[in-house]
Amino acid sequence: EHGIGVVAPEDRRISQDILIPAGANRDAKPGQVVIAEIIEQPQRHAQPVGRIVEVLGNYADAGMEIEIALRKHDLPHEFSTEVEKAVAKFPAGVGEEDIAGREDLRNLPLVTIDGETARDFDDAVYCERRGKGFKLWVAIADVSHYAQHGDVVDLEARERGNSVYFPRRVIPMLPEVLSNGLCSLMAKVDRLCVVCEMDISARGEIAVYRFYPAVMHSRARLTYTRVAQVIEDPQGETGRELKDLAPHLQALHALYQGLVK
């Protein structure tokens, strides 16, 4: 009205509308979602006055509830310039200098097993029968090789604490070059990892184990659905497609049953 805009707070704890003077609305249109900064606190007979600092879009836009939640809960959703500069120096893949001092497990048919919509693959497994028991390898992506203790990437990750998953979007703890790249155990590429190698009895008792840094080469990106199909019907279409991996998946399932008991 008369060039004065009104922002209705999304946070119900703020009971008063905020007046936006002419020239302080960043060309926001009626009905749009905006971020406003209060520049004059409310008085006994006057409403608070503010200015618009960001226009997010229309209320009905897809993903708008996520944009609102990010800002309402003050979730860090952009990486600093320092972090971006640091990750720009990371290599495109694993080099010989990265492998030095690590055990080479690239001959083991490790696989990742995740949901259909997973984008980052943090852990891989391989199991084989040893007599009546099993030997199990669990490999975890070695983030510490790239995020050194106390550097800008490490400090940013500590500040975030974890990744935040929304229905259609992920706010990652680590920059995408790590979370979806170098620290994602994708199929058919070398990746650095930390491994726990275990001897486990048929009753699910861990007899011997050891941890060590290694390099691995995942054989396949599997899903829970496909693994279940192999276990339930080894001669079915999926079983035939994964016939080289099927014995290891069967062993993994047998070990799982022992651990459950």
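Begin with the surface of the whole chain: in this predicted model the accessible surface comes to about 16000 Å², and 51% of that area belongs to carbon and sulfur atoms. Colour the charged side chains next, and you will have 31 positive and 41 negative ones, with the centres of the two sets lying 4 Å apart.

Now switch to the C-alpha trace and turn it along its principal axes, where the chain spans about 85 × 40 × 30 Å. The radius of gyration of the chain is 26 Å, whereas a compact globule of 261 residues would have one near 18 Å. If you then colour by burial, 38% of the 261 residues count as buried.

A cartoon view shows the secondary structure, which comes to eight helices and 13 strands. When contacts are drawn between residues at least 6 apart in sequence, 60% of them join residues at least 24 apart.

From here, select helix H8, residues 246-260, and check its length: at 1.5 Å a residue its 15 residues should span 21 Å, and because its end C-alpha atoms are 21 Å apart, the expected and modelled spans agree.

Keeping H8 selected, show its side chains, and ask which of them are buried. In H8 these are Ala246, Leu249, Ala251, Leu252, Ala254, Leu255 and Gly258. An α-helix has 3.6 residues a turn, so residues three or four places apart point the same way.

Finally, add what covers the buried residues of H8, which includes strands E6 (111-114), E7 (123-130), E8 (133-141), E11 (190-200) and E13 (220-223), together with helix H6 (224-232).

Conventions
Residues are numbered from 1 along each chain as its sequence is written. This is a predicted model: local features need pLDDT of at least 70, side-chain atom pairs count only at pLDDT 80 or more; totals for chains, interfaces and linings use all residues. Side-chain values use heavy atoms; hydrogens and water are left out. Helices (H or I, at least four residues) and strands (E, at least two) are DSSP runs, numbered from the N terminus. The expected span of a helix is 1.5 Å times one less than its number of residues. Buried means under 20% relative accessible area, exposed over 50%, partly exposed in between (1.4 Å probe, protein chains only). Contact means heavy atoms within 4.5 Å. The radius of gyration is taken over C-alpha atoms; the globule rule is 2.2 Å times the number of residues to the power 0.38. Accessible areas come from the Shrake-Rupley method with a 1.4 Å probe; for residues, only the protein chains shown count as cover. Lys and Arg count as positive and Asp and Glu as negative; His and the chain ends are not counted. The place of a charge is taken as NZ of Lys, CZ of Arg, CG of Asp or CD of Glu.
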